[in-house]
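Here's a quick briefing to read alongside the model. Keep the structure open while you go through it.

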Amino acid sequence: MSEFSQTELNKIRRLPQRGQYDKETVYSIVDEALICHVGFVQDGQPFVIPTIHVRIGDTIYLHGAVANRMLNHIKAGNTVCVTITHIDGIVFARSVFHHSMNYRSAMLFGKGRVIEDEKKKWDIFAALTEHIAKGRWEDSRHPNEKETRTTTIVAIDIETASAKSRTGGAKDEPEDYALPYFAGVLPVAFHYEEPVRDENLPSDVAVPEYLAQYKR
Ligand SMILES: Cc1cc2nc3c(=O)[nH]c(=O)nc-3n(C[C@H](O)[C@H](O)[C@H](O)COP(=O)(O)OP(=O)(O)OC[C@H]3O[C@@H](n4cnc5c(N)ncnc54)[C@H](O)[C@@H]3O)c2cc1C
């Protein structure tokens, strides 16, 4: 299946023409992001937690301390909603009402399970590290027994998802186009600065290529 079927849960109602359900679009939004926000309800109280993720196939993996509330909730097999947003521009219209944003966002739904298998856990540590910076796993100390034992990894198998995006300029009411207010887009780009060396780093340790050339 290369596309999520539209259901009551994932169907975009407002401006449905901005919706996309193919995995390629949804997953490109997921993979570009450094973090996601995980939404869940526990005892009637909603929580939305920002956290690092990695996607492998149709599964999202998260990690954290064994006492982590979100991970324990997910571990118990509860459904969660994972949201990711990229801002590409701020849209200034002539009218306040038509101000908007250019964006790409994705919402994914699925149930959680814990990863107990040591080998699998190890693979996810590597995948999470590589998601942040490709090349870092082989260029750092790997988790020891205590670090592995005190870290929970959960998997969320993606049952359904949607993507929504907006591109283009301001869309004003026809009678407003003659108004003397600026209209247009302020493009927004996420960029990375030069790496800053740790003060305790020996001077003969060079900045690795994957950081000097970092991009997503
Ligand atoms: C940066 C940004 C700013 C936004 N600002 C506003 C705002 O100020 N006001 C406003 O009304 N809306 C805003 N939106 C759009 C907002 O995210 C929803 O799309 C909107 O609330 C309409 O939802 P709905 O009633 O159609 O769908 P709902 O009934 O709320 O959702 C139904 C299903 O549609 C899908 N869906 C809904 N929204 C998204 C999305 N953004 N991305 C992926 N899937 C989605 C989900 O699968 C969801 O379960 C913004 C979006 C972004 C990314």
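What follows is a short tour of the fold, the strand pairing, one helix, two residues and the ligand shell.

Keep in mind that this is a predicted model. The chain has 5 helices and 9 strands, and about 70 × 50 × 35 Å is what its C-alpha trace spans along the principal axes. Strand β8 turns up again and again below: β1, β5 and β7 each pair with β8, and β8 also supplies residues to the shell around the ligand.

**Overall layout**

- Reading from the N terminus, the order of elements is β-α-β-β-β-β-α-β-β-α-α-β-β-α.
- Of the 216 residues in the chain, 20% are buried.
- If you take the contacts with a sequence separation of 6 or more, 72% of them link residues 24 or more positions apart.

**Strands that pair with β8**

- Strand β8 covers residues 151-166, and it runs antiparallel to β5, with 7 bridges joining the two.
- Two of the partners in that pairing are easy to find: A65 sits across from T151 of β8, and I60 bridges to I156 of β8.
- β7 is also antiparallel to β8, and that pairing extends over 12 bridges.
- I156 of β8 is the bridge partner of G112 as well as of I60, which makes I156 a handy landmark when you trace the strands.
- Strand β1 (residues 19-20) joins β8 too, through 2 bridges and again antiparallel.
- In that β1 pairing, G19 has K164 of β8 as its bridge partner, and K164 is also listed among the residues closest to the ligand.

**The β4-β5 hairpin**

- Strand β4 (residues 54-56) and strand β5 (residues 59-65) run antiparallel, joined by 3 bridges.
- R55 stands opposite I60 in β5, and I60 in turn has I156 of β8 as a bridge partner.
- The hairpin has 2 residues between its strands, and G57 there adopts a positive phi near 60°.

**Helix α3**

- Helix α3 runs over residues 118-132; with 15 residues at 1.5 Å a residue it should span 21 Å, and its end C-alpha atoms lie 22 Å apart, so the two values agree.
- Which residues of α3 are buried? They are K121, I124, F125, T129 and H131.
- Those buried residues cover an arc of only 160° around the axis, so they sit on the same side of α3.
- The cover over the buried residues of α3 includes β4, β5, α4 (145-149) and β8.

**V54, at β4**

- V54 belongs to strand β4.
- Is V54 buried or exposed? It counts as buried because 21 other C-beta atoms lie within 10 Å, and the cut-off for buried is 20 or more.
- Beyond the neighbours within four places in sequence, V54 is in contact with Y61, A127, L128 and H131; H131 is one of the buried residues of α3.
- V54 and V30 are 24 residues apart along the chain, yet 8.3 Å separates their C-alpha atoms.

**I115, between β7 and α3**

- I115 is found in the loop between β7 and α3.
- With 19 other C-beta atoms within 10 Å, I115 is partly exposed, because being buried takes 20 or more.
- Setting aside neighbours within four places in sequence, the contacts of I115 are K120, K121, I124, I153, V154 and A155.
- Among those contacts, K121 and I124 are buried residues of α3.
- L15 is a different story: 100 residues separate I115 and L15 along the chain, and their C-alpha atoms are 38 Å apart.

**Around the ligand**

- The ligand is surrounded by 16 residues, and the closest are N10, R13, R14, S105 and K164.
- Three strands, β6 (79-92), β7 (100-114) and β8, each supply at least two residues of the shell.
- Which strand gives the most to the shell? That would be β7, with 5 residues.
- By residue type, the shell around the ligand has 8 nonpolar, 4 polar and 4 charged residues.

Technical notes. Residues numbered from 1 in each chain as written. Predicted model: local features only at pLDDT ≥ 70, side-chain atom pairs only at ≥ 80, totals over all residues. Pairing = 2+ DSSP bridges. Helix = DSSP H or I, 4+ residues; strand = E, 2+ residues; numbered from the N terminus. Near = placed C-beta within 6 Å. Nonpolar A, V, L, I, M, F, W, Y, C, P; charged D, E, K, R; others polar. Expected span 1.5 Å × (residues − 1). Buried ≥ 20, exposed ≤ 12 C-beta atoms within 10 Å, placed from the backbone. Arc of directions from axis to C-beta. Contact = placed C-beta atoms within 7 Å.
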